[in-house]
Amino acid sequence: MCMIIFVYGQDNYRSRVYVNQLIEKFEKERDPERTNVIRLDAMSEKAEDLWNATLSAPFLAEKRMVILEHPISASGQENFRKKLKEKIEAQEIPDSTILIVYEQTDTFKKKEQKELFATLAQQKFSQRFDNLDQRHLTAWIAAEVQSNGGEIHHKAAQLLASRIPEDH
């Protein structure tokens with residue numbers, strides 16, 4: 001069965017970092033030549049190109065990673081959304097594909113958008129990134145500084161967090 005990873009939510013920074021970490025891990029473990037990772041934005045790509053990427057076999061490898069950005073929110077992709085939902089439910093995405101679906105929101109208006117969102121949100125590897133409140137943002141800032149080899153005083157992290165708008 002194909003691995004589907006759904007990454008979505010309002011916190012676009014942390015969600016992008018997460019997707020980039022998934023790509024780095026895949027390239028390190030499975031694709032050092034970087035020939036089997038493809039990233040397409042449904043806002044600018046034709047449905048045919050999205051399908052070709054999603055359904056193609058890997059090049060001289062067991063797996064390939066396909067990152068589809070904004071397939072739910074992209075205008076003009078109604079048929080693609082409907083067909084993607086059907087293929088996911090029928091388990092017709094190739095087993096050789098690791099499919100990452102990335103959305104920068106979790107609020108949709110159209111029926112087919114809501115239906116695809118619901119299908120993706122039920123996937124085993126669904127990861128939601130909500131905006132952090134001030135307390136969690138302060139802790140996240142401190143952890144990020146530390147993970148990059150730095151040090152930050154708690155009050156400085158609080159000051160930085162207070163300068164970031166609530167809807168960051």
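This is a short dialogue on how to read a predicted model of one protein chain.

Q: Where should I begin, and how many helices and strands does the chain have?
A: A good start is to list the elements and then follow their order. In this predicted model, the secondary structure comes to six helices and five strands. Read from the N terminus, the elements run β-α-β-α-β-α-β-α-β-α-α, and the C-alpha trace spans about 50 × 40 × 25 Å along its principal axes.

Q: What do the contacts say about residues 24 or more positions apart?
A: The idea is to look at the separation in sequence of residues that touch in space. Here, among contacts with a separation of 6 or more, 76% are between residues 24 or more positions apart. A pair can also be distant in both senses: lysine 63 and glycine 150 are 87 residues apart in sequence, and their C-alpha atoms are 37 Å apart in space.

Q: How do I read the surface and its charges, and how many positive and negative side chains are there?
A: One can take burial, exposed area and charge in turn. Of the 168 residues in the chain, 39% are buried, while the chain exposes about 10100 Å², with carbon and sulfur atoms supplying 49% of that area. There are 24 positive and 27 negative side chains, and the centres of these two sets lie 3 Å apart.

Q: Which residues of the largest nonpolar core touch the most other members?
A: In soluble globular proteins, nonpolar side chains tend to be buried together. In this chain the largest nonpolar core has 23 residues, and those touching the most other members are Phe6, Leu68, Ile72, Leu84, Ile88, Leu99 and Leu120. Two or more residues of this core come from each of β1 (3–8), α2 (47–55), β3 (64–69), α3 (78–89), β4 (97–102) and α4 (111–121). Leaving aside residues up to four places away in sequence, phenylalanine 6 touches several residues, including Ile72, Val101, Phe117 and Leu120. There is also a second, separate core of 12 residues, among them Val19, Leu22, Ile23 and Tyr102.

Q: Is glutamine 77 buried or exposed, and what does its side chain reach?
A: A polar residue can be read by its place, its accessibility and its partners. Glutamine 77 lies in the loop between β3 and α3, and it is buried because its relative accessible area is 5%, under the 20% cut-off. A polar atom of its side chain lies 3.0 Å from the backbone oxygen of glutamate 45. Apart from residues up to four places away in sequence, glutamine 77 touches Ala42, Glu45, Lys46, Ala47, Leu50 and Pro71.

Q: How does the same reading go for lysine 63, and where is it found?
A: Lysine 63 is found in the loop between α2 and β3, and with a relative accessible area of 22% it is partly exposed. Its side chain reaches the backbone oxygen of aspartate 95 at 2.7 Å. Beyond residues up to four places away in sequence, the residues lysine 63 touches include Phe26, Arg30, Asp95 and Ile98.

Q: Which residue other than glycine has a positive phi near 55°?
A: Phi is a backbone angle whose sign can be checked residue by residue. Glutamine 91, in the loop between α3 and β4, has a phi near 55°, and at 54% relative accessibility glutamine 91 counts as exposed. Histidine 70, in the loop between β3 and α3, is not a glycine either, and has a positive phi of about 60°; at 7% relative accessibility, histidine 70 counts as buried.

How values were computed. Residues numbered from 1 in each chain as written. Predicted model: local features only at pLDDT ≥ 70, side-chain atom pairs only at ≥ 80, totals over all residues. Heavy atoms only, no water. Helix = DSSP H or I, 4+ residues; strand = E, 2+ residues; numbered from the N terminus. Buried < 20%, exposed > 50% of the residue type's maximum accessible area, 1.4 Å probe, protein only. Contact = heavy atoms within 4.5 Å. Areas by Shrake-Rupley, 256 points an atom, 1.4 Å probe, with all protein chains shown as cover. Lys, Arg positive; Asp, Glu negative; His and termini not counted. Charge placed at Lys NZ, Arg CZ, Asp CG, Glu CD. Core = buried A, V, L, I, M, F, W, Y, C linked by side-chain atoms within 4.5 Å. Polar contact = N/O pair within 3.5 Å; in protein donor to acceptor, adjacent residues only side chain to side chain.
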